Amino acid sequence: MGLSPKEQMERKNDPHVRFIMENITTYSEGKDYVFISYKSDDWKLVLHDLVYKLMTEYGLRIYFDGSFDDHNETWIEQFPENMEDPGCKAVLMFLDDKYARSYATLLEFMYSQTDLASIGGKQERKGLPVVPVNLYGPLKNPDNSEGRQDTGLGTDQFEDGSRNAMAGKEKALFDETFEELTDEKRKGFRELKSWYKGKRLNKRMCHEMTLKLLERVGVSENHYYPEETDQDGYLRSIVNIIRDVAGESVFADPAEYGFREEKASARKKKEYSAEDLTPGQKRLYESLRTFRNEAAKAEKIRPFRVFQNETLMELCIRQPRNQAELLKIRGIAEVKCAKYGEQLLKILNEGSC
């Protein structure tokens, strides 16, 4: 779909977006950062609201494609360079239905899990850590009509009729990345082969491949509803997740962006910490950590991909008694609840205090 010329101009002139553009961190600067992956249609919510606050209130260093042209020819070279840099520590992914049906965002997602992109995350052959922000809730399956529509991968003409001069390069990188992830040695991604045969990629195939990748990287779902979610509390939770997976180095000192010390200090405050727990809750926390670590070992993934420490602390403090209450805990959505909910409730009931 993309933005109209008028919408592109509005985005380019937005004061929050201008601030972000002036403070993008790139691979050439020698600083650690988080890669922002999003669909251009969502710029007001993603850039104007959420990313701006993550930068100005928490000091998050970010990279994203700031060329601001839906048909920009530099994207296909810039995003791999910035994912491959040792300074790139994680991917902050703003998901919605449009994101899941775009070959460009699917390519970014796939590339983040390649060996070259693993350098910054320092995870041998496991890809960069991914922190998803599910805009507007769970992803929905496209209907039959939309699902059959072509994503445009490899075609030399965009939907608006303009020419895609980089179609060949995009298709070549897509296929090369796909082949790496579905290689016999990379067991976790091989089932993607049932959705793409190297030719046409329609929107249903794209959607299903995005779901499979999310399942494979084992991330917690973080649903964000603009009209309902407490934005400040939600951003604190996302910042804590980023800190867990990427480290403190992706956050700037106050002077770097020129924002006030008291705002920058907010990034150092966790919503829940070990000091908040009673002795009984600390014992429960250790039981939950043991379960989390054993589940991660069985699934051959890192523990934070099962549950973040913040999620375990919130479980100890709020002590939900059923699945409906579990779903109110940050970091636990439908998939995690279905997979781990019964065992979590058993541990909480046995160790209640």
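**Entry 1: the largest cavity**

I began with the lining of the largest cavity and sorted its residues by class: 7 are nonpolar, 3 are polar and 1 is charged. I am working from a predicted model.

Next I looked up the names. The lining consists of V130, V131, P132, V219, S220, N222, I241, V245, F304, R305 and Q308. I then asked which elements each supply at least two residues of this lining. I found β4 (130-135) and α11 (231-246). Of the elements, β4 gives the most, with 3 residues.

I also looked up the volume. The largest cavity comes to about 70 Å³. How many cavities of 30 Å³ or more are there? I noted 2.

**Entry 2: α4 and α6**

I turned to two helices, α4 (residues 75-84) and α6 (residues 103-111). Their axes come within 11 Å. I read the crossing angle as roughly 25°. Angles under 35 degrees count as roughly parallel, so α4 is roughly parallel to α6.

Which hand does the crossing have, left or right? I wrote down right-handed for α4 passing α6.

Then I listed the residues that make the contact. From α4 I have W75, I76, F79, P80, M83 and E84. From α6 I have A104, L107, E108 and Y111. By class, I noted 8 nonpolar and 2 charged residues in this contact. I found no polar ones there.

**Entry 3: α6 and α9**

I stayed with α6 and looked up its packing against helix α9 (residues 167-181). The axes of α6 and α9 lie 10 Å apart. The angle between these helices is about 40°. Are they roughly parallel or oblique? An angle of about 40° is not under 35 degrees, and α6 and α9 are therefore oblique to each other.

I checked the hand here too. α6 passes α9 in a left-handed crossing. For α4 passing α6, my note says right-handed.

Which residues meet? On the α6 side I listed Y103, L106, L107, M110 and Y111. On the α9 side I listed E170, L173, F174, T177, F178 and L181. I sorted this contact by class as well: 9 nonpolar, 1 polar and 1 charged.

**Entry 4: looking back at α6**

I compared my two contact lists for α6. L107 and Y111 appear in the contact with α4. L107 and Y111 also appear in the contact with α9. I marked both residues in my notebook.

Key:
Residues are numbered from 1 along each chain as its sequence is written. This is a predicted model: local features need pLDDT of at least 70, side-chain atom pairs count only at pLDDT 80 or more; totals for chains, interfaces and linings use all residues. Side-chain values use heavy atoms; hydrogens and water are left out. Axes are lines fitted to C-alpha atoms, for helices over the stretch in contact, and angles run from 0 to 180 degrees between N-to-C directions. Helices (H or I, at least four residues) and strands (E, at least two) are DSSP runs, numbered from the N terminus. Angles under 35 degrees count as roughly parallel, over 145 as roughly antiparallel, 65 to 115 as roughly perpendicular and the rest as oblique. A crossing is left-handed if the near helix is turned anticlockwise from the far one by less than a right angle, and right-handed if clockwise. Contact means heavy atoms within 4.5 Å. Ala, Val, Leu, Ile, Met, Phe, Trp, Tyr, Cys and Pro count as nonpolar, Asp, Glu, Lys and Arg as charged, and the others, Gly among them, as polar. On a 1 Å grid over the protein atoms alone, a cavity is a set of points where a 1.4 Å probe fits but cannot get out, and a pocket is an open set with protein on both sides within 12 Å along at least five of seven lines; lining residues have an atom within 4 Å of a point. Grid points are joined across faces, edges and corners, and a volume is the space filled by probe spheres set on the points.
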